[in-house]
Amino acid sequence: MFELAQELAVAKSRQDVPAAMKLFHRDMVLEAPAFGTTARGPDENEKALIGFFASFPDYGIELQGHADNGDALVCWGTARMTMTGDRFGVVPDGRRAELPVFIQFAFKDGLIAGERFFFDLSALCAQSGVSTDAVRRTVFGGAVDPEALAHGHRQPGFLDARHPHPPSSTSRIEPIRGEET
C-alpha cells in the first residue's frame, strides 16, 4: 500500500498526470476538503489533477511517515507549492508555501481507490499572501459556515467558470471504507 502512495507522490511531484492516473482504480474518489472538492472516476480525477497543477505548477510532496490497518493507509509529510493565477479569486504574491499534510488512502484491486488530502487552507493562504476569507468565499461561496464545513456539508457558490473541476453534487463527504462515521 505505501509503495503505491509513494509512487503517486513522485508522479504528482513531477506533475505527471498520466503516471498518477495509472495508479488509480476506475472508481477512484479524490477529495480535498480544504477546497471542498470531490472528483469521482477517471475523467473527474484527470480534470482535478490538471486544474490543481495549473494552480500549483511547482507542487511537490515528501511523505515522511505512514500507518495502515491492512485496509486503509494514512501518510503524513510536507507539501511545497506556489499558488498561481486567479482561480481562487485572489492574486497570490508568488511565495512558495510549505505545509504539513496528511493523506488517507483506500485501495481496491491493487490500485488506489480513495485519497483524502488534508492541509490547512489558512496556512496556504497566509504563506501565499492572500486572504483566507476571500479564498473561502470563492471556493465555498458567500459567507462560510465553519460548523457546516466541519460536518462535510458543501455550500453553494463554487460552480463558476473559474473552476475547471467543480465538486460533485453530493452534499456530504462520504467516508472511505473502514472509517467510522
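**Exercise 1. In this predicted model, work out how β3 and β4 are joined, and where they sit in the sheet.**

Start with the pair itself: β3 and β4 run antiparallel, with eight bridges joining them. For one concrete contact, take Asp-68, whose bridge partner in β4 is Leu-73.

Now zoom out. The sheet is open and has six strands, ordered β2-β1-β6-β5-β4-β3, with mixed pairing. β3 (60–68) and β2 (37–40) are the edge strands: each has a single partner strand, so one side of each lacks a neighbour in the sheet. From one strand to the next, the twist averages 20°.

**Exercise 2. Which strands do helices α1 and α3 lie across?**

Take α1 (residues 2–13) first: this helix lies across β1 (24–32), β3, β4, β5 (96–108) and β6 (111–118). Its angle to β3 is about 170°.

Then α3 (residues 41–55): it lies across β1, β2 and β4, and runs at about 45° to β1.

**Exercise 3. Is the Glu-31 to Arg-116 salt bridge made by buried or exposed residues?**

First, the contact: the two side chains meet in a salt bridge at 3.3 Å, N to O. Glu-31 belongs to strand β1 and Arg-116 to strand β6, 85 residues apart, so the pair links distant parts of the chain.

Next, apply the cut-off: buried means under 20% relative accessible area. Glu-31 has 3%, so Glu-31 is buried. Arg-116 has 8%, so Arg-116 counts as buried too.

**Exercise 4. Now classify the partners in the Arg-96 to Asp-58 and Arg-14 to Asp-16 salt bridges.**

For the Arg-96 and Asp-58 pair, the closest N and O atoms are 3.0 Å apart. Arg-96 is in strand β5 and Asp-58 in the loop between α3 and β3, 38 residues apart. Partly exposed covers the range between the buried limit of 20% and the exposed limit of 50%. Arg-96 has 44%, so it's partly exposed, and Asp-58, with 29%, is partly exposed as well.

While you're counting, note that salt bridges with shared partners tie Glu-62, Arg-80 and Glu-98 into one network.

Arg-14 and Asp-16 also meet at 3.0 Å, N to O. Arg-14 is partly exposed at 49%, and Asp-16 counts as partly exposed at 24%. The structure holds eight salt bridges.

**Exercise 5. Find the nonpolar surface patch that includes Trp-76.**

Locate Trp-76 first: it's in strand β4 (residues 72–82). Then check its exposure: a relative accessible area of 39% makes Trp-76 partly exposed. Finally, add the other members: Val-74 and Phe-102 complete the patch, and the three together have about 260 Å² of accessible area.

Definitions and conventions: Residues numbered from 1 in each chain as written. Predicted model: local features only at pLDDT ≥ 70, side-chain atom pairs only at ≥ 80, totals over all residues. Heavy atoms only, no water. Patch = residues over 30% accessible without salt bridge, like charges linked within 9 Å, V, L, I, M, F, W, Y side chains within 5 Å. Areas by Shrake-Rupley, 256 points an atom, 1.4 Å probe, with all protein chains shown as cover. Salt bridge = Lys/Arg side-chain N within 4 Å of Asp/Glu carboxyl O. Helix = DSSP H or I, 4+ residues; strand = E, 2+ residues; numbered from the N terminus. Buried < 20%, exposed > 50% of the residue type's maximum accessible area, 1.4 Å probe, protein only. Pairing = 2+ DSSP bridges. Axes fitted to C-alpha atoms, helices over the stretch in contact; angles between N-to-C directions. Contact = heavy atoms within 4.5 Å.
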